[in-house]
Amino acid sequence: MSVPGPPVRLRTGHLVRLISSVGTLVLLGGVGAVAMLLSGVPVVAAIGATLLTALTLGSMALWALFLRPRRGRLEVLPGSGELRLPAVAGVRPIVVAWPWLGLVLAALLVLAGVVGIDMGPRIAGPGAGLVLAVIIIGALSRRDTGSHALPYVALSPRGLVHQKSKRRILVPWDEIDTVRIETKPGVLLRVRWAPELGQDEFVSFPLGLHASDPRLVLALVEHYRRHPEHREELADRSAVSRIERGAFLDER
């Protein structure tokens with residue numbers, strides 16, 4: 001399915017700066033990791049392999065987030081009484097693996113110090129390994145390791161949902177005033193929330209984390225905002241049938 005108009009992308013200058021800076025970092029880090037891998041010293045080689053794995057997973061995540069084609073795509077996942085827009089698949093490996101890779105790296109840095117291997121600057125010594133381990137263990141203790149470990153956007157009969165770790169924001173349909181897409185700093189679905197009491201506020205839903213065409217997400221949200229009689233179908237697979245037929249595009 002498709003909607004008229006050009007694709008929604010990050011602003012060109014921002015994307016170029018991001019790709020050039022990250023690409024340089026990955027290239028230099030990769031060269032260093034390969035050199036360590038080929039050093040012939042088991043602990044140093046293990047550190048190189050860990051860094052190379054992290055760089056590979058990080059590159060996959062960056063491709064999925066910023067460069068993967070999204071035009072005409074709308075990925076949804078029905079279940080739990082709502083229709084989810086799951087996070088793009090390439091993000092999951094790095095989100096799941098980064099703390100464990102960090103702990104392995106911390107243990108290897110400490111081990112290198114114990115056996116007397118000179119890792120160069122003090123910042124890469126056993127002290128850095130212990131600090132890194134404490135930081136990661138603290139982050140893991142606060143992290144939701146269940147189904148909400150990855151953020152997602154969802155449409156429910158009650159409203160628009162943004163789930164981020166253990167924090168869940170629900171914007172009721174009848175309190176949504178306007179919805180639009182912004183591309184600075186990232187691709188965002190910007191919702192003006194106008195509750196009956198209190199001041200208006202804006203809630204941002206980061207569409208860059210998802211593999212769906214932002215214009216299709218906007219069209220889907222607008223359909224259920226304008227059609228309260230259809231909202232109950234978001235609790236079952238009826239909404240998927242509507243999406244497959246393209247019936248939510250009837251007003252655009």
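Surface patches in these legends are made of residues with over 30% relative accessible area and no salt bridge, and nonpolar side chains are joined within 5 Å.

**View 1. A nonpolar patch on the surface of the predicted model.** Val34, Leu37 and Leu38 make up this patch, and together they have about 270 Å² of accessible area. Leu38 is located in the loop that runs between α1 (12-37) and α2 (42-67). With a relative accessible area of 68%, Leu38 counts as exposed, because the cut-off for that class is over 50%.

**View 2. The largest nonpolar core, centred on the contacts of Leu155.** This core has 31 residues, of which Leu155, Leu160 and Leu189 touch the most other members. Two or more residues each are given by several elements, including β2 (82-85), β3 (152-155), β7 (188-193) and α5 (214-226), and the largest share, 7 residues, comes from α5. When residues up to four places away in sequence are not counted, Leu155 touches Glu82, Leu83, Leu85, Leu160, Trp173, Leu220, Val221, Tyr224 and Leu234. Another core, of 12 residues, lies apart from this one, and Leu57, Val88, Ile94 and Leu101 are among its members.

**View 3. The buried and exposed sides of α6.** Ala239, Val240, Arg242 and Ile243 are the buried residues of α6; seen down the helix axis, they fall within an arc of 160° and therefore line one face of the helix. These buried residues pack against β1 (77-79), β2 and α5, whereas Glu244 and Arg245, on the other side of α6, are exposed. Gly246, which follows α6, has a positive phi, near 75°.

Notes:
Residues numbered from 1 in each chain as written. Predicted model: local features only at pLDDT ≥ 70, side-chain atom pairs only at ≥ 80, totals over all residues. Heavy atoms only, no water. Core = buried A, V, L, I, M, F, W, Y, C linked by side-chain atoms within 4.5 Å. Buried < 20%, exposed > 50% of the residue type's maximum accessible area, 1.4 Å probe, protein only. Helix = DSSP H or I, 4+ residues; strand = E, 2+ residues; numbered from the N terminus. Contact = heavy atoms within 4.5 Å. Patch = residues over 30% accessible without salt bridge, like charges linked within 9 Å, V, L, I, M, F, W, Y side chains within 5 Å. Areas by Shrake-Rupley, 256 points an atom, 1.4 Å probe, with all protein chains shown as cover. Salt bridge = Lys/Arg side-chain N within 4 Å of Asp/Glu carboxyl O. Arc of directions from axis to C-beta.
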